[in-house]
Amino acid sequence: MPYKKHPVIILGGGPAGACTAMYLLRRGIKPVIVERDAFPRYHVGESLTGATALALKELGLGPAIEAQNYPVKHGANFYGPDGKNDFWVPLVRRDENENQVPNYTWNVLRSTFDKVLFDAALERGAEWIKATAVAPISKDDAVIGLTIRTPGGAAENLHSDVLIDASGCATFLANHRVTGPKIPGNSDKQIALFTLFAGGIRDNGPELSKQPGNTVLFYQRKHHWAWFIPVTDELTSVGVVFRT
């Protein structure tokens, strides 16, 4: 099969892949994103960190995210068993004098959030190849490209100077023993059950800790916990994690 060469191939068009593409484009590097799914798509993982919000704003995506009217998250409330050991963790950042000041981020509906980022990457110049990654191409112990399968079933080789694995939980390169053994730790002994609920009673007080967009976490004991994450004005992501 003939090679098509690109400076950078990004495997995965989720938030990591899309943002990586936009950072590369700022440096004058045009990447190719290999992503099999069209957006929007369902995905879990809705509660953004403060550092993520800062990165999105740095990329100029703040207005696009604000336009989605996602719940604003100022931190997370933790509730222990029997109403004991409850605590509040605020989001903070460093100002120009390295002092800690309040920060905020968003809880997002991933189907629309991922599409906003992916569309922005394409609008800024990234190329999308709709295909499934099959295997990395190696030569002399170096990864030099990627074999893909197109929606029509044809196999194709893509050559690149750099291959970035942004496949998330799929851990493409690790599964192909390129980046060393995959070490899941205790995560392989846990399972999560989750869904989206309409409605749900939320805090609505004047303090930052009582804002309706905050993340709420409940913990019973180690490896047993639950989340309550507002993702729109109406929908809330609710999940429970426990040992298998």
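**Exercise 1. Burial and length of helix α4**

Task: Determine which residues of α4 are buried, what covers them, and how far apart the end C-alpha atoms of the helix lie.

Solution. Step 1: Under the criterion for burial (buried is under 20% relative accessible area, exposed over 50%, partly exposed in between, with a 1.4 Å probe and protein chains only), the buried residues of α4 are Arg110, Ser111, Phe113, Asp114, Val116, Leu117, Phe118, Ala120 and Ala121. The model is predicted: local features need pLDDT of at least 70, side-chain atom pairs count only at pLDDT 80 or more, and totals for chains, interfaces and linings use all residues. Residues are numbered from 1 along each chain as its sequence is written, and side-chain values use heavy atoms, leaving out hydrogens and water.

Step 2: The cover over these buried residues includes α1 (15-26), β2 (32-35), α2 (50-58), α3 (62-66) and β9 (127-130), where contact means heavy atoms within 4.5 Å. Helices (H or I, at least four residues) and strands (E, at least two) are DSSP runs, numbered from the N terminus.

Step 3: Helix α4 covers residues 110-123, which is 14 residues, and at 1.5 Å a residue it should span 20 Å. The expected span is 1.5 Å times one less than the number of residues. The end C-alpha atoms are 19 Å apart, in agreement with the expected value.

Step 4: After α4 comes Gly125, with a positive phi near 125 degrees.

**Exercise 2. Two successive hairpins**

Task: Establish how many bridges join β10 to β11 and how many join β11 to β12, and identify the turn residues with positive phi.

Solution. Step 1: Strands pair if DSSP finds at least two bridges between them. Strand β10 (residues 132-139) and strand β11 (residues 142-149) run antiparallel and are joined by 7 bridges; Ile137 stands opposite Gly145 in β11.

Step 2: This hairpin has 2 residues between the strands, and Asp140 takes a positive phi near 55 degrees.

Step 3: β11 also pairs with strand β12 (residues 155-165), in the antiparallel sense, over 5 bridges. Leu146 has Leu158 in β12 as its bridge partner.

Step 4: The hairpin of β11 and β12 has 5 residues between the strands, and Gly153 in the turn shows a positive phi of about 100 degrees.

**Exercise 3. The open sheet**

Task: State the strand order of the open sheet and name its edge strands.

Solution. Step 1: The order of the 6 strands is β5-β4-β14-β15-β16-β13, with mixed pairing.

Step 2: The edge strands, each pairing on one side only, are β5 (87-90) and β13 (190-198).

Step 3: Strand β4 (residues 75-79) is joined to β5 by 4 bridges, and the two run antiparallel. Asn77 stands opposite Trp88 in β5.

**Exercise 4. Aromatic pairs**

Task: Count the aromatic pairs and classify the pair of Tyr104 and Trp106.

Solution. Step 1: Rings of Phe, Tyr and Trp (its six-membered ring) pair if their centres lie within 6.5 Å; planes under 30 degrees apart count as stacked, over 60 as edge-to-face and the rest as tilted. The count is 9 aromatic pairs.

Step 2: Tyr104 and Trp106 are edge-to-face, at 5.8 Å centre to centre with 90 degrees between the planes. Tyr104 is partly exposed at 27% relative accessible area, whereas Trp106 is buried at 1%.

Step 3: Trp225 and Trp227 form a tilted pair, at 5.8 Å centre to centre and 50 degrees between the planes. Trp225 is partly exposed at 35% relative accessibility, and Trp227 is buried at 10%.

Step 4: Phe118, a buried residue of α4, forms one aromatic cluster with Phe39 and Trp128.
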